[in-house]
Amino acid sequence: MHHKEIEDRLPWPMGRKRKEVIDGANQQLDMLVAILEGEGIDVRRPASVDHCIATKTPSWSVESQYGTACPRDVMITLGDMIFEANMAKRSRFFEYLPYRNVIRDLWTRDKTMLWKAMPKASFDSDCFDVGFWTREKTAGDCRYTLTEKEPIMEAADIIRCGKDIFIQKSLVTNDAAIEWLSRELGDKFRVHRMYFPQNLYPVHIDATFVPLRPGLCLTNPDRLPDKDSGKLWLDNDWKFIVAPQPVFEVPPPFCQCSKWLSMNLLSISPTKVIVEENEKPLHHLLEDNGFDVIDIPFRKVYEFGGALHCTTWDIRRNDSCKDYFPYQ
């Protein structure tokens with residue numbers, strides 16, 4: 001039976017996932033850890049948290065939380081700063097907590113490090129536009145699931161290239177958050193908005209537009225940037241290569257993501273990337289563009305909310321905020 005048919009026939013799973021699902025994902029995560037450590041990378045793991053516990057504030061409650069599979073959604077390193085996003089789902093309200101042991105250790109040892117967190121949103125009902133799910137979707141209509149009552153953002157909507165930061169408005173990032181981030185960073189970074197008009201349900205930029213190394217970016221053929229978004233890159237001699245169609249037309253059941261997790265690769269150097277083992281067309285495209293490609297099975301992790309880029313967060317970056325976009 002087709003994965004989509006299975007998903008349509010079964011109720012959406014709630015609470016703790018089945019042991020075989022957890023064990024399968026952990027096995028593949030452990031393989032990723034082994035590869036990274038083999039490349040000389042120091043791997044840290046988040047604290048263990050029981051996400052089956054309800055979350056409650058004075059104005060709302062949810063029966064369970066989300067998970068700890070996607071640090072990329074919550075955290076981002078910006079120069080000498082570690083920045084915590086405030087997330088866009090009530091179930092993810094406390095998702096920063098499993099990473100606090102890592103952040104606290106880094107902050108204690110490095111006296112120059114800055115540690116910043118977005119203001120926690122109230123997540124009252126007027127933070128959400130419930131009409132989004134029933135109205136007809138058209139390109140150019142940028143009204144998504146969030147209102148502009150408070151800044152709300154997920155860090156996976158941010159790309160950083162040296163001193164430039166690119167961010168998209170999406171189902172989980174609103175205009176108020178982009179404005180908040182721009183003010184907070186001041187003149188340390190240049191903040192640019194990106195828009196992909198073909199994507200009517202935008203969530204996270206790392207399955208849409210993926211810088212691979214200075215001067216080269218992987219683009220999604222179904223979600224191309226508009227002319228204004230692409231101009232800065234092209235004016236600074238960046239080349240776009242178009243990702244091949246994913247090997248699988250749909251992701252595994254209950255994945256919560258699109259088929260374009262195929263693009264959610266992990267760059268570990270300007271010449272080396274890790275991709276899901278089934279994505280052979282992408283593997284060959286990257287090899288043709290000079291990359292050493294490491295294949296790894298990872299589809300069992302998809303049910304937990306993301307792929308290779310989602311499940312990692314580079315806490316230390318050795319670059320010096322180089323200017324890759326001198327012509328602005």
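Two strands pair if DSSP finds at least two bridges between them. Strands (E, at least two residues) and helices (H or I, at least four) are DSSP runs, numbered from the N terminus. The structure is a predicted model, in which local features need pLDDT of at least 70, side-chain atom pairs count only at pLDDT 80 or more, and totals for chains, interfaces and linings use all residues. Residues are numbered from 1 along each chain as its sequence is written, and side-chain values use heavy atoms, with hydrogens and water left out.

**Exercise 1. The sheet with β6**

Task: give the strand order of the open three-stranded sheet and say which strands stand at its edges.

Solution.
- Step 1. The order of this open sheet is β6-β7-β8, and the pairing is mixed.
- Step 2. β6 (158-161) and β8 are the edge strands; each has a single partner strand, so one side of each lacks a neighbour in the sheet.
- Step 3. On average, neighbouring strands here are turned by 25 degrees against each other, direction ignored. Axes are lines fitted to C-alpha atoms, for helices over the stretch in contact, and angles run from 0 to 180 degrees between N-to-C directions.
- Step 4. Four bridges join β6 to β7 (residues 164-168) in the antiparallel sense. Ile159 has Phe166 in β7 as its bridge partner, and Arg160 stands opposite Ile165.
- Step 5. Helix α5 (residues 175-185) packs on the sheet and touches β6, β7 and β8, its direction making about 165 degrees with that of β8. α6 also packs on the sheet and touches β6, β7 and β8, at about 130 degrees to the direction of β8. Contact means heavy atoms within 4.5 Å.

**Exercise 2. The faces and turn of β6**

Task: decide whether the residues on the two faces of β6 are covered or uncovered, then describe the turn that follows.

Solution.
- Step 1. Buried means under 20% relative accessible area, exposed over 50%, and partly exposed in between (1.4 Å probe, protein chains only).
- Step 2. Ile158 and Arg160 on one side of β6 are buried, as are Ile159 and Cys161 on the other, and both faces are covered.
- Step 3. β6 and β7 form a hairpin with two residues between them, and Gly162 in this turn has a positive phi of about 60 degrees.

**Exercise 3. Two residues with positive phi**

Task: find where His204 lies and where Asp237 lies, and classify each as buried or exposed.

Solution.
- Step 1. Most residues other than glycine have a negative phi.
- Step 2. His204 is not a glycine, yet has a positive phi of about 70 degrees. Asp237, also not a glycine, has a positive phi of about 65 degrees.
- Step 3. His204 sits in the loop between β8 (190-194) and β9 (209-213), and counts as buried because its relative accessibility is 10%.
- Step 4. Asp237 sits in the loop between α6 (227-235) and β11, and counts as exposed because its relative accessibility is 65%.

**Exercise 4. Leu265 and the hairpin after it**

Task: state why Leu265 counts as buried and which residues it contacts.

Solution.
- Step 1. Leu265 belongs to the loop between β11 (239-242) and β12 (266-269).
- Step 2. Its relative accessibility is 2%, so Leu265 counts as buried.
- Step 3. Leaving aside neighbours within four places in sequence, the contacts of Leu265 include Val210, Leu212, Leu218, Val273, Ile274 and Val275. Leu212 is 53 residues away in sequence, with a C-alpha to C-alpha distance of 9.3 Å.
- Step 4. β12 runs antiparallel to β13 (residues 272-276), joined by three bridges. These strands form a hairpin with two residues between them, and Ser269 stands opposite Lys272 in β13.

**Exercise 5. Enclosed space**

Task: say how many cavities of 30 Å³ or more there are, and describe the largest cavity.

Solution.
- Step 1. On a 1 Å grid over the protein atoms alone, a cavity is a set of points where a 1.4 Å probe fits but cannot get out; lining residues have an atom within 4 Å of a point. Grid points are joined across faces, edges and corners, and a volume is the space filled by probe spheres set on the points.
- Step 2. There are three cavities of 30 Å³ or more.
- Step 3. The largest cavity has a volume of about 70 Å³. Of its 14 lining residues, Lys137, Thr138, Asp141, Tyr144 and Leu200 are closest to the centre.
- Step 4. The second largest cavity holds about 60 Å³, and its lining includes Pro246, Phe248, Arg299 and Tyr302.

Technical notes:
1 Å grid on protein atoms, 1.4 Å probe; cavity = no way out; pocket = protein on both sides within 12 Å on 5 of 7 lines; lining within 4 Å.
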